[in-house]
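User: Please walk me through this structure. I would like short questions with reasoned answers.

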Amino acid sequence: MNEDRCDVWLVRGTLRGWRLIETVVAVPPQARGLPLGRRCGACGGTDHGRPILPWTDAPSVSVSYTDGWSALVLARGRVGVDIERCGERPALDALAEWVWNPAEYEERRGRDDWRSCLFPDWTRKEALLKAHGLSVSMASFEVGHRLARVPGMPPLAVTDLASPPGLVGAVAAAPSAAVRVRIVSGPITPRRY
Ligand SMILES: [Zn+2]
């Protein structure tokens, strides 16, 4: 995706829920005050899964939470976001085996800076899986290029997010989609006004 299609705002914990969503998209009057819907990409259930905006032709939503921060992303079509707290954590090597496929592991694990590759790759893969609504293993595909493909799925553009210090993040969306990202400290809890 073109960099200028990905609009990222860092919002420090002042806007929540619908007020935050209204910084991204015009909410039709009839939708105001309604709870967000949910839909599970795997089973179609409506009591869990990703949030959906409650009006016709609304853009798709993805949210991610980590350690005191939240990310909200809206775009047409498939979209997924992931943010993670990076840095020292236990069992980094096990995390590497969980994130990287054998070829990626072989290529990256020997580098001195392998830890700094690991978290961005994790968020890129997690964003891709969320965009597709899949729960397959991250080690079953590669994410080496900006246009990334999970087997059997259409390719999506993956963009790293400019995140607050100590966080990494990525968003996956259709290559032509305009992507709107809001990163806030604290929970989003997007329910009602
Ligand atoms: Zn489900």
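**A strand residue, a helix pair and a core**

Analyst: V184 is found in strand β10. Strands (E, at least two residues) and helices (H or I, at least four) are DSSP runs, numbered from the N terminus. This is a predicted model: local features need pLDDT of at least 70, side-chain atom pairs count only at pLDDT 80 or more, and totals for chains, interfaces and linings use all residues. Residues are numbered from 1 along each chain as its sequence is written.

User: How does V184 count, buried or exposed or in between?

Analyst: A residue is buried with 20 or more other C-beta atoms within 10 Å of its own, exposed with 12 or fewer, and partly exposed in between; C-beta atoms are placed from the backbone. V184 has 19 C-beta neighbours inside 10 Å, so V184 counts as partly exposed.

User: How far apart in space are V184 and S70?

Analyst: In sequence, V184 and S70 are 114 residues apart. C-alpha to C-alpha, their distance in space is 5.3 Å.

User: Which element gives the most to the largest nonpolar core?

Analyst: A nonpolar core is a set of buried Ala, Val, Leu, Ile, Met, Phe, Trp, Tyr and Cys residues joined through C-beta atoms within 7 Å. The largest one has 42 residues, and V73 and L128 are among those with the most contacts inside it. Elements giving two or more residues to this core include β4 (60–66), β5 (69–75) and α2. With seven residues, the element that gives the most is α4.
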